[in-house]
Structures are given as structure tokens and as C-alpha cells.
Amino acid sequence: MAPDPSAVALLAELRHRGWSIGTAESLTGGLVAAALIDVSGASASMRGGIVAYDTRVKRDMLGVERDLLEAHGAVHPEVAQQMAEGVRRVLSVDGSPVDVGLSTTGIAGPGSPDGQPVGLVYLGVATPKGYAGRRRVYEGTRDEIRRQATGDVLALALEALVGATQE
């Protein structure tokens with residue numbers, strides 16, 4: 001299978017900048033990290049990933065605020081932001097944070113444990129220049145929702161970097 005074109009372009013941009021990337025994934029369960037690693041030469045930029053499927057991992061490892069999770073659950077725009085920012089810190093090496101942190105949180109289905117609609121997803125990209133987030137509502141099977149979220153967070157990251165270049 002050919003690598004995702006957004007992953008290829010994103011990694012090329014990261015290499016050009018000398019930047020690193022890390023992922024904090026919930027509903028995508030490692031698909032974003034896998035899409036990046038599918039690209040030959042990914043090791044030049046890909047630092048690692050955290051599959052924070054359990055809400056407690058979001059809280060204890062990535063630093064998502066307990067009060068936020070208790071009030072709104074794990075499917076919330078601020079959770080996506082805190083996950084993306086948290087993975088930059090958690091995957092620090094030699095005192096250097098990851099330059100780009102990606103996050104995915106949402107409901108892939110088939111059911112919804114907290115009543116939010118199946119297909120609701122929040123995507124996040126944190127960089128040294130700031131944060132970009134996006135809300136999506138996907139249709140399809142569990143697998144289709146997870147794959148759409150994967151492609152869209154990679155595209156969002158590329159947008160965030162290219163936009164940062166043009167500032």
C-alpha cells in the first residue's frame with residue numbers, strides 16, 4: 001500500500017525545518033503514527049506516539065485536566081488541544097520538546113458511551129507557533145471514521161505548517 005500523500009508531504013516539510021513530530025491518539029489507536037512511519041525516512045522526524053485510549057492515560061500521562069474530563073468527557077475540543085500540547089512535552093528528548101504534536105479524540109462507534117454522536121471527532125495540532133484544532137463529524141463504519149480522522153489530522157498538520165511558513 002502506498003503511503004498517505006499528506007504524511008509524505010508533512011514529513012518532507014518537517015525534514016526541511018529540522019522539526020520532530022509526535023502523536024497522541026485516542027480513537028485512531030495508532031493509525032496516525034503508523035501512517036507517518038509508513039513513509040520511508042520517517043525516522044528523521046517521527047519521535048513517537050502515545051495511544052491514550054483510556055481517559056486516565058489522557059489525564060495522567062498527557063496532562064489533560066481532570067476537571068475538564070469530568071465536566072465534558074474525553075470528546076471535547078479542549079481535550080484535543082491538551083493532548084496535542086501534552087505529547088509535545090511527554091516525548092521531550094534531551095530537554096527538547098517535540099515540535100509538532102498531533103491529537104485525535106472522538107467516537108468511532110458503533111455505540112457512544114456518553115451520548116455524543118458517533119463520528120464526532122476533534123483533531124489537534126500543536127506547534128511552537130500555536131495551536132490549530134478542527135471539529136469533524138464523519139459518517140461510515142468504525143474503520144472508515146478512524147481512517148478519515150487519520151487523513152484529516154495529517155492534512156491539518158500540513159496546513160498548520162505551511163500556513164506558519166507563509167506568515
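**Strand E3 and its neighbours**

Gly22 has Gly101 of E3 as its bridge partner. That pairing belongs to a wider match in this predicted model: strand E1, residues 21–25, is joined to E3 by 5 bridges, and the two strands run parallel. E3 also pairs with strand E4, which covers residues 120–127; here 6 bridges do the joining, and the strands run antiparallel. One of the contacts in this second pairing links Gly106 to Val121, its bridge partner in E4.

So how much of E3 is tucked away? Out of its 7 residues, 7 are buried, so the strand is largely enclosed by the rest of the structure. Side chains in a regular strand alternate between the two faces of the sheet. In E3, Val100, Leu102, Thr104 and Gly106 point one way, while Gly101, Ser103 and Thr105 point the other way, and all of them are buried.

Val100 makes a handy close-up. This residue lies in E3, the strand that spans residues 100–106. Val100 has a relative accessible area of 0%, and it counts as buried because that value is under the 20% cut-off. Leaving aside residues up to four places away in sequence, Val100 touches Leu14, Trp19, Ser20, Ile21, Gly22, Arg88, Val125, Ala126, Thr127 and Leu161. Val153 is a further point of reference: it sits 53 residues from Val100 in sequence, and the two are 12 Å apart in space, taken C-alpha to C-alpha.

Notes. Residues are numbered from 1 along each chain as its sequence is written. This is a predicted model: local features need pLDDT of at least 70, side-chain atom pairs count only at pLDDT 80 or more; totals for chains, interfaces and linings use all residues. Side-chain values use heavy atoms; hydrogens and water are left out. Helices (H or I, at least four residues) and strands (E, at least two) are DSSP runs, numbered from the N terminus. Buried means under 20% relative accessible area, exposed over 50%, partly exposed in between (1.4 Å probe, protein chains only). Contact means heavy atoms within 4.5 Å. Two strands pair if DSSP finds at least two bridges between them.
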